[in-house]
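Welcome! Take a moment to turn the model around on your screen, and then let us walk through it together.

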Amino acid sequence: RAAHDIESVGAIHADVTHGRALDLASRVADIALKAKNKRVREFGELLNAWDGAYLVDSVAATVFTAFWELWLRRVASVRFPESMLNLVAPRAGGVARRVLLHDAPGWFVKPVDIEKEVRETLVETLSWLRKKIGVRKSQWRWGRLHTVTFRHPMSNGGMLSEILDVGPFETSGGTGTVRAAGYAFGKPFEVTGLSTYRMVVDLADTAHALSTAAGGQSGHPGSAHYRTQSELWVADHYHPLLMDRADVEANLEHTLIVNP
C-alpha cells in the first residue's frame, strides 16, 4: 500500500499467513494426492485447499507443521547422527526446502526418489498425529493444540499456577508468522515464545498510540487489570497508549496522593 494507518499496521501485526506454507504446501499436496494410502491423500486434499494461514480452526496448519518437523529430521539424518538431530534439524530449513523442490541433488549420498521420501514422511506424520494427539481430525485443530499460557515466575504447576498464571488460550500464528507465537514440537504445539509487547504509533500523532502487553496493567493477581491485556493480546486488539497529561488524567480510575 502507498500509505498505512494505525488500523492497517495493527492488521500486519496480526498476520498469520506463513511464507513457507505458501511456498511449499502445494508441492507436498501434489505428492500426497498420488499416494496409495487414503489418509495421506486426504492430507493432500487438506493442503491443496489451504491458504497457508495459521488460524485456530485450521487442521491443515497442524498437518503441515507436523510434516515439516518430521521432514527436517529426515533430511538432517542423511548427514548427521541421531544424537545431533535435535540440534541440527531446526536449522535445516533451507536445505530441506531445496530437497523438497529437487534443488539439492548432492545432499543424498546416492540418488533417491524424493517423492517417495515425502510420502514416507507423510505416513510418519499420520502416525505421529494419531499417537501424540488423537485419531480424529477434529482433534487436530491448530487452536486446540496451539495454546498460550502466560506463566508467572513463581508458578509451580499447582495452586500458585491457578492463582498466578493466565490462560491457557487458543491462539493463532506460529513459528515464522508475523504474529509471532513459536511452539514446542515435543509438547505439541504449546506456545513457548511470542511477541510480548505490540505497539502501533502514528508519528504524526504520537500522543494517541496503541499497545498491548502479554500480561496486564497490574502485577497484583487480585487486580481487575491483572489479565486484561492478555485477553487483548489473544484477540489481536489494543488499548490506547495515552501520552499527553490531559488525556491521562481524563482516563484515570483512581488517584493516589502520597504525603511526605
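## A guided walk through the model

By class, seven nonpolar, three polar and two charged residues make up the lining of the second largest pocket. Please keep in mind that the model you are viewing is a predicted one. This pocket, the second largest, has a volume of about 210 Å³. Its lining is formed by His18, Arg20, Tyr54, Phe64, Thr65, Trp68, Glu69, Leu72, Pro90, Thr175, Tyr183 and Phe185. Which helix gives the largest share of the lining of the second largest pocket? That is helix α4, residues 60–76, which supplies five residues.

Now let us step back and view the whole chain. The protein has 260 residues, and 40% of them count as buried. It contains eleven helices and seven strands. Taken along the principal axes, the box filled by the C-alpha atoms is roughly 80 × 50 × 35 Å. Among the contacts with a separation of 6 or more, 60% are between residues 24 or more positions apart.

Next comes the largest pocket, whose volume is about 680 Å³. It is lined by 16 residues, and those closest to its centre are Gln217, His239, Pro240, Asn251 and Glu253. Two elements, α10 (228–235) and β7 (239–242), each provide at least two residues of this lining. Of the elements, β7 gives the most, with four residues. In terms of class, the lining of the largest pocket has six nonpolar residues, nine polar ones and one charged one.

One residue of that pocket, Asn251, also gives us a way to judge distance. Between aspartate 205 and asparagine 251 there are 18 Å in space, C-alpha to C-alpha, and the two are 46 residues apart in sequence. You can find aspartate 205 in the loop between β5 (197–200) and β6 (208–213). With a relative accessibility of 35%, aspartate 205 counts as partly exposed.

Let us turn to threonine 121, which sits in helix α7, residues 114–132. Is threonine 121 buried or exposed? Threonine 121 counts as buried because its relative accessible area is 0%, and the cut-off for buried is under 20%. Setting aside neighbours within four places in sequence, the residues in contact with threonine 121 are Phe67, Leu70, Trp71 and Arg74. With arginine 74 there is also a polar contact from side chain to side chain, at 2.8 Å. Arg74 has further partners: together with Lys116, Glu117, Glu120 and Glu124, Arg74 belongs to a network of salt bridges.

That brings us to charged pairs more broadly. Side chains of opposite charge can pair when their charged atoms come close. How many salt bridges are there in the model? The count comes to 19.

Let us visit a few of them. Aspartate 23 and arginine 97 form a salt bridge in which the closest N and O atoms are 2.5 Å apart. This pair links distant parts of the chain, with aspartate 23 in helix α2 (residues 19–32) and arginine 97 in helix α6 (residues 93–100), 74 residues apart. Aspartate 23 is partly exposed, at 32% relative accessibility, and arginine 97 is partly exposed too, with a relative accessible area of 33%.

Another salt bridge joins lysine 34 to glutamate 115, and here the closest N and O atoms are 3.1 Å apart. Glutamate 115 lies in helix α7, 81 residues away from lysine 34 in sequence, and the pair again links distant parts of the chain. Lysine 34 itself counts as exposed, because its relative accessibility is 53% and exposed means over 50%.

Our last stop is the salt bridge between aspartate 165 and arginine 151, where the closest N and O atoms are 3.7 Å apart. Both partners are in loops: aspartate 165 in the one between α9 (159–164) and β2 (166–170), and arginine 151 in the one between β1 (147–150) and α9, 14 residues apart. Aspartate 165 counts as buried, at 7% relative accessibility, whereas arginine 151 is partly exposed, at 49%.

Definitions and conventions. Residues are numbered from 1 along each chain as its sequence is written. This is a predicted model: local features need pLDDT of at least 70, side-chain atom pairs count only at pLDDT 80 or more; totals for chains, interfaces and linings use all residues. Side-chain values use heavy atoms; hydrogens and water are left out. Buried means under 20% relative accessible area, exposed over 50%, partly exposed in between (1.4 Å probe, protein chains only). A polar contact is a pair of N or O atoms within 3.5 Å; within protein, one must be able to donate a hydrogen and the other to accept it, and residues adjacent in sequence count only if both atoms are side-chain atoms. Contact means heavy atoms within 4.5 Å. A salt bridge is a side-chain nitrogen of Lys or Arg within 4 Å of a carboxyl oxygen of Asp or Glu. On a 1 Å grid over the protein atoms alone, a cavity is a set of points where a 1.4 Å probe fits but cannot get out, and a pocket is an open set with protein on both sides within 12 Å along at least five of seven lines; lining residues have an atom within 4 Å of a point. Grid points are joined across faces, edges and corners, and a volume is the space filled by probe spheres set on the points. Ala, Val, Leu, Ile, Met, Phe, Trp, Tyr, Cys and Pro count as nonpolar, Asp, Glu, Lys and Arg as charged, and the others, Gly among them, as polar.
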